[in-house]
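Colleague: I would like a close look at one part of this model, with its surroundings taken in order. Please give the cut-offs as you go.

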Amino acid sequence: MTRIAVTGGAGRLGRSLVAGLAAAGHELVSLDRGISDASELADVEQIAVDLTETDATTRAIADARADALIHLAAIAVPFSAPEDVILRTNATMALNVMSAGVAAGIPKIVTASSPTVLGYGAPTGWLPDRLPLDEESAPRPWNAYALSKHLAEQTIAMLARQTGDATRFAAFRPCYVIAPEEWRGAPTQQGHTVLERLADPALSAPALFNYVDARDVATFVDTLLLALPEIPNAEVFFVGADDALARRPLAELLPRFVPGTELLAAELTGTAPAFSNAKARRVLGWRPAHAWRGELGDASTGSATDSDSVTPSPDLARKDVLA
């Protein structure tokens, strides 16, 4: 059994991650701004701490006495706060938490990043070098949230250069997270249900139709922690479903929402997603266990609505989570 500290353990992804890791037999400690009454944390040790405060973070991480540290805490929605606040908060927490983990002698440290580091949705236009997108795709962040996540990745690389292999680091980029209750009809992070996002492609287009079940993120992290001593240090992984959150092939949908992708999107046949999880399969042997067609059951056979023909507004990416 490993004792794992999770920052942001009371958040949407955090609750499922904590529950999944606990179910796998680990001992969990959640560090967040306050003590949560969420059912997933009922039997989990909780530490209330302001992770933007360096000294408080250092003490809290040391008090957690963890064998591994997972950093999730962040302002999680682009443009949900002023750009300077998002950048300052997220970058400060990443540096504070992971530096504190090193100081506490925690041998395994993992940070959550985001697919948004690649820069899709940029107001001036965006075209990738190829599709599907993967870890070799060049980061081109265009907003403070994406930049803060890119800085988190650079922070683990910096600390790895300081510590060598004494500390093992990794970053993962979870796609649009869908929690278990959201398959049952609870609103997703943007207030739409999963079925609404499927019925109206304009709702999922800003995230390039990516998604991942929160429970699959938990199995990924569990697998990653086990493999950390054996893989190259400070690796980055995409964590996404095996398919796209769309009823039609992305070869058809993407060119409607991302001008200029006609030839690139032709590679995305059938249900293929825009983000590849091949590296996680190849390096870690991980594969997601959940897909929207299985989770929604009979509801997954519904047809697309007339909203399929809606032309997306130029600032669509600013109205939805890009992750």
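How many bridges join strand E1 (residues 3-7) to strand E4 (residues 68-71), and do these strands run parallel or antiparallel? Please go on from there to what surrounds E1.

Modeller: Four bridges join E1 to E4, and the two strands run parallel. This is a predicted model, in which local features need pLDDT of at least 70 and side-chain atom pairs count only at pLDDT 80 or more, while totals for chains, interfaces and linings use all residues. Residues are numbered from 1 along each chain as its sequence is written, and side-chain values use heavy atoms, with hydrogens and water left out. The mean pLDDT (the predictor's confidence in each residue, from 0 to 100) is 93 for the protein, and 93% of its residues reach 70 or more. Over residues 304-322 pLDDT stays under 50.

Strands and helices here are DSSP runs numbered from the N terminus, a helix being H or I over at least four residues and a strand E over at least two. Two strands count as paired if DSSP finds at least two bridges between them. Along the E1-E4 pairing, Ala5 stands opposite Leu69, and Val6 is opposite Ile70. E1 is also joined to E2, by five bridges and again in parallel; there, Ile4 faces Leu28. From E1 the chain passes through helix H1 (residues 12-23) to E2, a β-α-β crossover that is right-handed, meaning that with the strands pointing away from the viewer the path from the first strand over the helix to the second runs clockwise.

These pairings belong to an open sheet of seven strands, ordered E3-E2-E1-E4-E5-E6-E9, with parallel pairing. Its edge strands are E3 (45-48) and E9 (235-239), each of which pairs on one side only. From one strand to the next the twist averages 20 degrees; angles run from 0 to 180 degrees between N-to-C directions, with axes fitted to C-alpha atoms, for helices over the stretch in contact.

The side chains of E1 alternate: Arg3, Ala5 and Thr7 point one way, Ile4 and Val6 the other, and all are buried, which here means under 20% relative accessible area (over 50% is exposed, in between partly exposed; 1.4 Å probe, protein chains only). E1 is largely enclosed by the rest of the structure because five of its five residues are buried.

Two helices reach E1, where contact means heavy atoms within 4.5 Å. Helix H2 (residues 54-64) lies across E1, E2 (27-32), E3 and E4, at about 170 degrees to E2. Helix H3 (residues 83-103) packs on the sheet and touches E1, E4, E5 (108-112) and E6 (168-174), with its direction at about 180 degrees to that of E4.

His26, in the loop between H1 and E2, also touches E1. Setting aside residues up to four places away in sequence, His26 touches Met1, Thr2, Ile4, Leu21 and Asp222. With Asp222, the His26 side chain makes a side-chain polar contact of 2.7 Å; such a contact is a pair of N or O atoms within 3.5 Å, and within protein one must be able to donate a hydrogen and the other to accept it, residues adjacent in sequence counting only if both atoms are side-chain atoms. His26 counts as buried because its relative accessibility is 16%.

One loop that follows E4 deserves a note. Phe79 sits in the loop between E4 and H3 and has phi near 65 degrees, a positive value in a residue other than glycine. Phe79 counts as partly exposed, at 23% relative accessibility.
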